[in-house]
Amino acid sequence: MRFDELNEAQILALAISAEEEDAHIYRDFADSLRKEFPATAELFSTMAEEEDGHRHRLIDIYRSRFGDHIPLIRRQDVKGFVVRRPSWFKRTLQPSHARQEAALMEIQSRSFYEAAMKRSTDAGIRQLLGDLAQEEGKHEATAVGIEGQQEAAGVLQHEKEAERRLFVLRFVQPGLAGLMDGSVSTLAPLFAAAFATTNTMATFKVGLAASVGAGISMGFAEAMSDDGKLSGRGSPLIRGTVCGLMTTVGGLGHTMPYLIRNFHTATSIAIAVVVIELGVIAWIRKRYMDTPLLSAIFQVVVGGVLVFLVGWLIGSG
């Protein structure tokens, strides 16, 4: 069914179900965030209550015009209507993402009420739809006002720090562990094969096998190390995937140059890539782990150089 085919009763029924769905989504957001971000959860609880108020007003005018039976018409039943993304599966919902989603929802709701108002001929219904369109536009201002109060009290700053820590725990730490393992542990087999054979294609195959194998191993190790329920590190599947992918990427970085046929050129580029990889790892440690840059560089470079020397000595022996 197209939107322009709906009559006034159907438009109101659609608005009622839409407001009910939005209230559920906001309560899902609040429930997901309440433990770690109580201030933002309070914001979404307030917005859910406002959506309940809209629904009650819509039901009242529907009953006065069309009776007690309200047909179930949902967003997905109307062509061209924007369907809300499910909120219940967001296990690692962050406050910033929830606020962005809410802002988009309010814009879409306002657009719906403005279009519905143009199709209504009943003065009372038209006035209510226009009022709701304006109120949906004010929701963002309401959210900003609540955020301002919370920020003045220092609550939001605490939440931002908590959000940053969770991001580090759930994504940066497993990714960094994988990148370090892939960049460092594959150096020995790769350069041992390179100096032992001086065959770039054989070296590439060794590096590829080492990178993929290390990625699979690290991915499973990270996923099985912690279910995330007590540590707050999030889904083991996500952490394992991040760790495994970054391990593979770290190994492939200095493996890819050996697709070049010239051994000396390939090796020179591979060594340059290793230097870049170690620099990136040192920067990530400084940026997210609060490790002093010189200390991070020293730790990473010493480990990388030692592993490289092992591969060179074994390959050249």
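**Exercise 1.** Which residues does L58 touch, not counting residues up to four places away in sequence?

*Solution.* Start with what you're looking at: this is a predicted model, where local features need pLDDT of at least 70, side-chain atom pairs count only at pLDDT 80 or more, and totals for chains, interfaces and linings use all residues. Residues are numbered from 1 along each chain as its sequence is written, and side-chain values use heavy atoms, with hydrogens and water left out. Next, a contact means heavy atoms within 4.5 Å. Now list the partners of L58: L12, A15, I16, E19, Y113, L128, L129 and L132.

**Exercise 2.** Work out which helices supply the largest nonpolar core.

*Solution.* First, the term: such a core is a set of buried Ala, Val, Leu, Ile, Met, Phe, Trp, Tyr and Cys residues joined through side-chain atoms within 4.5 Å. Buried means under 20% relative accessible area, with a 1.4 Å probe and protein chains only. The largest core has 23 residues, and L12, L58, F112, Y113 and L129 touch the most other members. At least two residues each come from α1 (8–33), α2 (38–66), α3 (95–119) and α4 (123–152). The top contributor is α1, with seven residues. A second, separate core holds 19 residues, including V168, L190, F263 and I281.

**Exercise 3.** Describe the whole protein chain.

*Solution.* Begin with the elements: ten helices and zero strands. Helices (H or I, at least four residues) and strands (E, at least two) are DSSP runs, numbered from the N terminus. Then check burial: 43% of the 317 residues count as buried. Finally, take the contacts with a separation of 6 or more: 75% of them join residues 24 or more positions apart.

Notes
Buried < 20%, exposed > 50% of the residue type's maximum accessible area, 1.4 Å probe, protein only.
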